[in-house]
Structure formats: structure tokens, C-alpha cells
Amino acid sequence: MAKKRGTETVRDMVLSMAAIGVVVGIIWFFIPHDENHDPVQVVGYRVELDQARRSAPYPVAAPEGLGKGWRATSVTYEDTNPKAVHWHLGFVDPQNEYAAVEQSNADAEAFVAATSHDARKSGTRTVGGETWDRYEGPKYDALVRQKGGVTTMVTGTAPADRLAELAAALQERSGQ
């Protein structure tokens, strides 16, 4: 005999919840769980680099010869404003810290402030025979070099030696 609507008991509710719990448990059991999975999404950047080197009004910098522990995670090239062309290539270093190559022909002071999240100049450092300005900030540190109206910056949460390693690996080219 069917119950009338509205006469359900607490027992009925507990039985319903138990049935739902069994179904959820079975689904959870069959879904793979990999606690050792690396969440870093690696991207290829060759196509974007080649396009940027053909299009940019300056030689575009990208690293060559970085160790296997470095993984590219983001790449963008923006050239909608010829006076503010922006190249970005982001990495995760071997210790899972963020480091990026940023390049632009925009106003250097504004570009550095915006891209480094208001880091302040704290000295200089020689990398690969060239003098770079060091910046330290609450979010990112950076190495900055200005040459020929172009600002090249290596920035991120990576330690200063890792940023210098990335800066030393940079090769600037145009055309291709």
C-alpha cells in the first residue's frame, strides 16, 4: 500500500540518504585519484616565438639551453599598438617557482612598474657580461635591461639566481 504524500518519516529520509551515499561512494571509487599528478600545464611556444620574431619591431628574446627542469607555461604576443608591443614567455623553474621573460617597446618605467607589480630598483647585477638592473618587490623580483628603446625583463617568484639563469639563456633574434 502506498503512503500518502507528506507522511514520510525520518527513517525514509535516512534510507534515501544511505542509497545516495552508496551511489556516490561507487562513483568516487572508480574515478582515478593521482595525488602525485603535476598540475603544471606545459605549453609549446615555438610557433608564437617565430611569429613574434617576424612581426616585432625589435629582436625578441627567448631562452636557449635551459635545463630540463624548466617548463614553459604561458606565451603571448600582443602587437595591437605599435608603440607598445609586448612579448611574454612564462616558465616554472625546477623548484616550481614562476619566472617569465617580458619584453616591450612601451614606456620603460610604466612597463616595469606594471609587469613587476611595483617592484623597486635595488641595485644592478651582471649577467652574461651585461649589466641588468635588479628590482625587488612584494610579489615579484626582476632583472631589467633597457637597450635600443626596448625593455627586457626577467621577473617572477623564482630566486635571484634562477632569474639570472633565465636571463643568461636569452637569445635575441628577429626575422627567421
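How many nonpolar, polar and charged residues does the lining of the largest pocket have? In this predicted model, that lining comprises six nonpolar, two polar and four charged residues, and the pocket itself has a volume of about 150 Å³. The residues that line the largest pocket are Ala61, Val127, Gly128, Glu130, Trp132, Arg145, Lys147, Ala167, Ala168, Leu170, Gln171 and Glu172. At least two lining residues are supplied by each of strand E6 (130-136), strand E7 (141-147), helix H4 and strand E9 (170-173), with E9 providing the largest share, namely three residues.

The interior was then examined in terms of nonpolar cores, the largest of which has 29 residues, with Trp87 and Leu89 making the most contacts inside it. At least two residues of this core come from each of helix H2 (46-55), strand E1 (60-63), strand E2 (71-78), strand E3 (86-92), strand E4 (98-104), strand E8 (150-156) and helix H4 (160-168). Of these elements, H4 contributes the largest share of the core, four residues, and H4 also supplies at least two residues of the lining of the largest pocket. A second core, separate from the largest one, consists of seven residues, among them Ala119, Tyr135, Val144 and Met153.

The surroundings of Trp87 were considered beyond its sequence neighbours, with residues up to four places away in sequence not counted. On this basis, Trp87 touches Glu48, Leu49, Ala52, Tyr58, Val60, Ala61, Val75, Thr76, Tyr77, Val101, Glu102 and Gln103. One of these contacts, Ala61, is also listed among the residues that line the largest pocket.

Conventions: Residues are numbered from 1 along each chain as its sequence is written. This is a predicted model: local features need pLDDT of at least 70, side-chain atom pairs count only at pLDDT 80 or more; totals for chains, interfaces and linings use all residues. Side-chain values use heavy atoms; hydrogens and water are left out. A nonpolar core is a set of buried Ala, Val, Leu, Ile, Met, Phe, Trp, Tyr and Cys residues joined through side-chain atoms within 4.5 Å. Buried means under 20% relative accessible area, exposed over 50%, partly exposed in between (1.4 Å probe, protein chains only). Contact means heavy atoms within 4.5 Å. On a 1 Å grid over the protein atoms alone, a cavity is a set of points where a 1.4 Å probe fits but cannot get out, and a pocket is an open set with protein on both sides within 12 Å along at least five of seven lines; lining residues have an atom within 4 Å of a point. Grid points are joined across faces, edges and corners, and a volume is the space filled by probe spheres set on the points. Ala, Val, Leu, Ile, Met, Phe, Trp, Tyr, Cys and Pro count as nonpolar, Asp, Glu, Lys and Arg as charged, and the others, Gly among them, as polar.
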